[in-house]
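Dear colleague,

Please find below the structure that I am handing over to you. My findings follow it, arranged by topic.

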Amino acid sequence: MNRYPLWKYATLLVALLVALIYTLPNFFPEAPAVQVSSGKATLKVDAALVPRVERVLGEAGLKPDFVRFEGASVKARFDDLDSQRKAKDALSKALNPDPDNASYIVALNLLSRSPTWLSALHALPMFLGLDLRGGVYFLMQVDMKSALVKKAESLTGDIRTLLRDKNIRHTGISRDGNNVSVRFRDTETLVAARTLLLNQLPDLQWQDSADGSDFRLVGSLKPEAARLVQTTAITQNITTLHNRVNELGVAEPVIQQQGQDRVVVQLPGVQDTAKAKDIIGRTATLELRMVDESAEARAAASGSGPVPFGTERYVERGGAPLIVKRQVVLTGDSLTDAQPGFDSQTQEPVVNLTLDAKGARIIKDVSRENVGKRMAILLFEKGKGEVVTAPVIRSELGSRIQISGRMTTAEANDNALLLRAGSLAAPMDIIEERTIGPSLGAENISKGFNSVIFGFAAIALFMCVYYQLFGVISTLALGFNLLLLVAVLSMLQATLTLPGIAAIALTLGMAIDANVLINERVREELRGGAAPQVAINTGYERAWATILDSNVTTLIAGVALLTFGSGPVRGFAIVHTLGILTSMFSAVVFSRGLVNLWYGRQKRLKGVSIGQVWRPQTSVPAKG
Amino acid sequence: MEFFRIRRDIPFMRHALVLNVVSLVTFLAAVFFLATRGLHFSIEFTGGTVIEAAYAQAADIGKVRTAVERLNLGEVQVQNFGSSRDVLIRVPVAQGIKQSDVVSRVFAELCRAESGTLSAVAPSASSGESVTRQTCTAAGAEPVRLQRSEVVGPQVGRELAEDGAKALAFVVAGIMIYLAFRFEWKFSVAAIVANLHDVIIILGFFAFFQWEFSLSVLAAVLAVLGYSVNESVVIFDRIRESFRRFRKMTTREVIDHAITSTISRTIITHGCTQMMVLSMLIFGGPTLHYFAVALTIGILFGIYSSVFVAAAIAMWLGVKREDLVKAGPKEVDPDDPNAGAVV
């Protein structure tokens with residue numbers, strides 16, 4: 001009765017193997033590495049950079065373990081700190097000839113020494129949280145109200161232009177909070193205006209109110225449009241933050257949305273909050289200017305002549321220099337949106353820009369006079385400008401501009417993103433901030449690790465002494481639980497924090513309960529005079545109901561923490577909840593497997609090594 | 001080895017009344033301290049700033065305090081943290097002070113008090129990771145170092161407090177519903193009363209000693225709540241089983257028998273968990289200190305309350321055999337020799 005079918009042993013073996021493989025990467029120490037990522041919003045790092053990095057390193061006489069493109073950066077791993085530093089210097093010099101205008105960020109990083117075949121299986125070590133690694137954490141609140149007000153403001157301008165274009169007379173347009181109200185003299189104009197506005201501005205819903213001689217139309221943003229404004233605002237802010245954080249040279253920044261209107265920024269390794277805040281809070285600007293296409297300008301662009309008066313030389317994305325007039329046609333403030341799309345006729349990828357009313361009026365005048373000429377869109381960051389794109393003006397332009405030509409879909413996406421990413425869609429405030437020193441992080445790792453090890457050792461010692469072979473089996477099951485838990489966390493690529501380590505410790509301390517329950521039940525059955533094989537079987541079976549029960553209540557607490565907890569508590573809750581689940585498997589199925597393997601084959605089992613079983617009426621000598 | 005050589009059922013319930021009075025008194029004392037002293041909430045709940053600074057030599061708390069008070073940041077607390085060289089400074093949220101500047105201002109002041117100068121350096125980290133930080137140098141040495149800082153806006157704090165309360169309510173409701181399904185309402189009320197009594201007592205300890213109540217302590221309280229309810233569940237399971245097996249026993253005897261037969265498991269399990277918690281208390285450092293303290297109190301009172309409070313309340317509420325042993329296919333014990341065939 002205490003025998004598992006072969007497939008059950010096989011399943012256990014497979015689980016053990018998988019757990020081992022995925023836990024393994026965590027044990028490899030970290031090796032120094034150099035990471036090259038893009039330093040400019042307009043530059044994209046891809047696999048093509050790998051041979052270049054290899055060449056530079058080869059010329060410097062350095063032998064990296066490997067050079068690999070991963071995520072959005074190229075990483076090279078080294079054996080020692082010395083070659084890491086040399087590699088960083090060599091790469092910075094080769095990739096950034098002008099140190100004041102760096103196109104690439106060359107940062108020091110740490111990479112796991114785990115062999116490539118493990119990485120190929122996606123067996124990667126867990127991330128260490130900031131409290132274990134040191135770094136800065138910001139929680140930023142996006143001011144959604146101002147994003148909505150900004151939207152309403154731009155709609156007000158649009159309405160004014162629309163009504164003027166159609167010659168509908170109004171007696172005033174005003175913005176009141178997020179609403180726009182338009183006043184008319186009579187009902188006819190109001191009706192005419194309403195039809196027009198309903199057609200042209202699908203984002204608004206209208207309500208008319210008349211008091212006395214005053215006829216009013218009040219427009220408010222539709223809920224779905226308002227939601228769209230908010231989601232666009234937050235994604236745009238995140239993109240902008242990414243661009244800015246890149247500049248800090250942080251190896252692995254984390255920028256994530258949290259909830260509806262918050263952004264989390266984590267910068268491992270950074271200790272200087274003042275500098276980080278300064279960079280995060282900076283604004284980038286977008287400018288539209290005309291390209292100078294005169295003969296002198298062409299000569300200046302090719303480098304054979306001086307830059308003409310009143311113009312500046314910029315480098316277009318892709319490398320070609322361009323001479324651009326100093327006079328600014330429009331600034332990014334007038335740009336309300338930029339979206340990638342497809343041309344309705346040619347099916348070519350395009351970028352659709354939307355300008356506000358003021359911008360549309362200016363661009364209309366400028367474009368009418370400059371059909372056939374090129375207009376440059378420049379992005380200014382850190383006081384340095386770069387041409388994002390310089391399209392040719394095909395016809396007179398209005399509030400909606402389409403940029404097309406020689407773009408792939410991916411490029412159209414990038415361009416749209418860049419045009420939007422210049423500035424923050426809505427202001428952000430830092431509402432939470434944490435800094436953890438690197439030495440404190442290392443201390444926290446060793447403290448957490450020690451707690452788990454010594455606690456585990458104490459439990460293991462007690463179990464082995466008190467329950468003998470069953471105790472050894474319980475300890476093995478507990479070890480298997482730890483292995484499974486770490487494997488699952490590594491598979492999920494969870495971030496390990498100090499509360500997470502505390503949860504591992506606590507979960508192990510609680511998980512032993514299942515084995516204590518089983519062992520006590522088996523003893524009880526033996527005390528009651530059951531034959532050893534029967535005792536094992538009924539012991540396990542009876543304990544199972546109780547184990548299930550006790551885990552359900554603990555699970556309720558875990559789920560509550562997971563639902564309502566935030567930050568460190570969430571880390572605790574994830575580990576705790578996963579640990580409860582893995583413990584049920586390891587404590588019951590795995591330990592039973594071991595017991596079956598040991599005792600199941602013996603037909604005439606005389607005794608079980610579960611420690612002394614004391615009986616109230618000691619007529620039968622206890623089996624040791 | 002066998003620790004528990006119990007010949008006869010221990011008459012736990014004989015002393016139930018006395019112990020319940022003791023429980024009530026402890027409970028009332030906890031409520032009293034909670035009401036009068038209140039919990040010492042960490043800045044995670046109240047909003048504010050915490051700065052942990054490490055000094056090269058043992059820190060002079062008085063000097064640090066005068067230095068920080070010079071900034072007029074309101075009611076600032078300065079205390080040692082972990083060792084005599086580490087200092088923890090708490091700055092409350094105050095009107096008219098820009099929270100985001102507090103850390104740099106305080107650190108600059110601490111540095112000045114040590115007659116050092118601030119500079120941003122990127123020390124060559126031995127780990128091979130690039131690290132830049134504000135460093136205070138005086139005469140070639142680094143007298144004080146910023147270890148950790150934490151700034152929480154008042155709004156975040158309020159939300160965390162609300163979420164904490166919600167989590168507690170969710171756990172209590174979830175466990176009650178589960179127990180009501182699993183057992184009878186008397187048991188579910190008894191278990192919840194017993195475990196809330198634990199929670200209040202843990203909170204009472206924190207109020208009495210004015211220990212810092214942080215998010216991790218809240219996590220510990222909730223974890224312990226789930227954990228000690230399962231203790232009650234194990235005992236109630238046995239009570240139900242005993243009601244079926246020993247038809248001649250009175251309710252009091254059944255309860256005594258159930259507790260006696262589970263006591264060894266209770267002690268061993270809790271002992272094991274406590275060993276782990278003790279290890280955290282010893283090796284976990286100041287960050288895990290109160291987490292482990294809350295767990296310790298929770299575990300100790302968890303044993304006591306499931307044995308004496310939960311079972312006793314169930315007894316006072318008048319559980320009867322008929323409440324648990326109902327006719328019905330689900331309730332029939334498959335091992336009961338008197339049970340008929342189930343179709």
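**Strand E7 of chain B and its partners**

Within E7(B), Arg148(B) is the bridge partner of Ile436(A). Please bear in mind throughout that this is a predicted model. A further partnership involves Glu433(A), whose bridge partner in E7(B) is Val151(B). Both belong to the subject of strand pairing between the chains: strand E21 of chain A, residues 428-436, pairs with E7(B) in the antiparallel sense, over five bridges.

E7(B) also has a partner within chain B. Strand E2 of chain B, residues 48-55, runs antiparallel to E7(B), and eight bridges join the two. Here Val151(B) appears again, since Thr49(B) stands opposite this residue in E7(B). Val151(B) is thus matched with Glu433(A) and with Thr49(B).

As to its surroundings, is E7(B) enclosed or open? Nine of its nine residues are buried, so E7(B) is largely enclosed by the rest of the structure.

**The contact between the chains**

Chain B contributes 69 residues to the contact, and chain A contributes 77 residues. On the side of chain B that touches chain A, several elements each supply at least two residues: helix H4 (99-113), strand E6 (133-137), strand E7 (144-152), helix H5 (154-182), helix H7 (215-245), helix H8 (251-283) and helix H9 (285-316). Which of them gives the most? That is H7(B), with 13 residues. By residue class, this side of chain B divides into 34 nonpolar, 22 polar and 13 charged residues.

**Two helices of chain B**

Finally, I draw your attention to helix H1 (residues 16-36) and helix H6 (residues 185-209), both of chain B. Their axes come within 8 Å and cross at roughly 50 degrees. H1(B) and H6(B) are therefore oblique to each other, and their crossing is left-handed.

From H1(B), the residues that meet H6(B) are Ser23(B), Thr26(B), Phe27(B), Ala29(B), Ala30(B), Val31(B), Phe33(B) and Leu34(B). On the H6(B) side, the residues met are His197(B), Ile200(B), Ile201(B), Leu203(B), Gly204(B), Ala207(B) and Phe208(B). The residues of this contact comprise eleven nonpolar, four polar and no charged.

With kind regards

Terms used
Residues numbered from 1 in each chain as written. Chains lettered and ligands numbered in written order. Predicted model: local features only at pLDDT ≥ 70, side-chain atom pairs only at ≥ 80, totals over all residues. Axes fitted to C-alpha atoms, helices over the stretch in contact; angles between N-to-C directions. Helix = DSSP H or I, 4+ residues; strand = E, 2+ residues; numbered from the N terminus. Parallel < 35°, antiparallel > 145°, perpendicular 65-115°, else oblique. Left-handed = near helix turned anticlockwise from the far one by under 90°. Contact = placed C-beta atoms within 7 Å. Nonpolar A, V, L, I, M, F, W, Y, C, P; charged D, E, K, R; others polar. Pairing = 2+ DSSP bridges. Buried ≥ 20, exposed ≤ 12 C-beta atoms within 10 Å, placed from the backbone.
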